[in-house]
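Student: Please take a close look at a single part of this structure and describe how the rest of the chain is arranged around that part.

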Amino acid sequence: MELSAARKEGFVPKQLSVNNEKQPTKKILSVIGVMTTFGRKKNRDAIRKAWMPTGASIKNLAEQKGIIVRFVIGRSANRGDSLDKEIETENSQTNDFIILDDQVEAVEESAKKTKSFFIYAVDNWDAEFYAKVNDDVYVNLDAFGGVITSHLEKPRVYIGCMKSGEVFSDPTHKWHEPDWWKFGDGKSYFRHASGEVYAISKALAQFISINRFILRTYAHDDVSTGSWFIGLDVMHIDENKFCCSSWSTGAICASV
């Protein structure tokens, strides 16, 4: 009945209805993807020690709190090289990676990688929310769960520390936007969630999965994600607790 209702909304392709055998019996509250890259093992180990469970605790977190956390990484441009092998070796020891086989791991691919993560996650786990986190951010999982749980009854939700910002047309600038001219004379991005951490509800993740081939990506992953929801009936929730650079009361994260 839920799938039928979702198809009427236009968010679920028919092929997803045959994947029930790989879904967990317990409803998952959120799948969190921690975006990482080659050469960042120290960051990953710090996260494992600080807030991301390891070993049997990974399963316990999913069973007890309904939260799944995985590091997310693509493949080396020279597939099968030492970079790929290092990640495979690390994953064989920790079993806490999502390795995106069809995604090249590169700075300029960050927006496409984020899209690939949402597609992978919604196709493999039936969760209420899907969240993206950077690997230099510490997350309070209890506080995070509390915030997103308060929005369970809302159908299409985009939660984050909402911001805007200047669009840089200078190709030598660090944050150069090749499509700067699309943002008008004011050269300012539309409101979107900061890329450090944000969450989207199931319907939005399904929308990304269904429309994967026509969703445009820009220079930055946070801008790209925000752009996908501009023309949709989506509730943008500016949540101060997701602002990792400020120590607001009950903050769910801190950037390091």
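Tutor: The model is a predicted one, and the part chosen here is strand β2. Strands β1 and β2 run parallel and are joined by six bridges. One pairing involves M35, whose bridge partner in β2 is V72. On β3, V72 stands opposite I98. The pairing of β2 with β3 is also in the parallel sense, over four bridges. Between these two strands the chain passes through α4, and the resulting β-α-β crossover is right-handed.

Next comes the burial of the strand. Nine of the nine residues of β2 are buried, so the strand is largely enclosed by the rest of the structure. The strand also contributes to the largest nonpolar core, which has 35 residues. V69 is listed with I32, F144 and F242 as having the most contacts inside that core. Two or more core residues come from each of β1, β2, β3, β4, β5, α6 (141–149), β6 (157–166) and β7 (188–201). I32 shows how β2 is contacted: leaving out residues up to four places away in sequence, I32 touches I67, I68, V69 and R70, together with F117, A131, V133, L141 and F144. A separate core of 29 residues lies apart from this one, with L100, M162, W228 and V234 among its members.

The charged contacts of β2 come next. R75, in strand β2 (residues 67–75), forms a salt bridge through its side chain with E88, at 2.6 Å from N to O. E88 belongs to helix α4 (residues 82–94), and the pair links distant parts of the chain, 13 residues apart. The two partners differ in exposure: R75 is buried because its relative accessible area, 13%, is under the 20% cut-off, whereas E88 is partly exposed at 37%.

The loop that leaves β2 supplies another such contact. R79 forms a salt bridge with D101, with 3.5 Å between the closest N and O atoms. R79 lies in the loop between β2 and α4, while D101 is in strand β3 (residues 97–104), so this pair ties together parts 22 residues apart in sequence. R79 counts as exposed, at 51% relative accessibility, and D101 is partly exposed, at 38%.

Helix α2 (residues 41–50) is also relevant, as β2 is among the elements that cover its buried residues; the others include β1 (28–35), α4, β3 and β5 (137–139). The buried residues of α2 are R44, I47 and R48. Viewed down the helix axis, these residues fall within an arc of 100°, so they line one face of α2. K42 and K49 are exposed on the other side of the helix. Two of the buried residues, R44 and R48, are also charged partners: a network of salt bridges links them with K41, D45, E90 and D96.

For context, the structure holds 18 salt bridges. One of them is between K132 and D221, whose closest N and O atoms are 2.9 Å apart. That pair links strand β4 (residues 127–134), which holds K132, to helix α8 (residues 221–228), which holds D221, across 89 residues. Both K132 and D221 are buried.

Terms used:
Residues are numbered from 1 along each chain as its sequence is written. This is a predicted model: local features need pLDDT of at least 70, side-chain atom pairs count only at pLDDT 80 or more; totals for chains, interfaces and linings use all residues. Side-chain values use heavy atoms; hydrogens and water are left out. A salt bridge is a side-chain nitrogen of Lys or Arg within 4 Å of a carboxyl oxygen of Asp or Glu. Buried means under 20% relative accessible area, exposed over 50%, partly exposed in between (1.4 Å probe, protein chains only). The arc is that of the directions from the helix axis to the C-beta atoms. Contact means heavy atoms within 4.5 Å. A nonpolar core is a set of buried Ala, Val, Leu, Ile, Met, Phe, Trp, Tyr and Cys residues joined through side-chain atoms within 4.5 Å. Two strands pair if DSSP finds at least two bridges between them. A crossover is right-handed if, with the strands pointing away from the viewer, the path from the first strand over the helix to the second runs clockwise.
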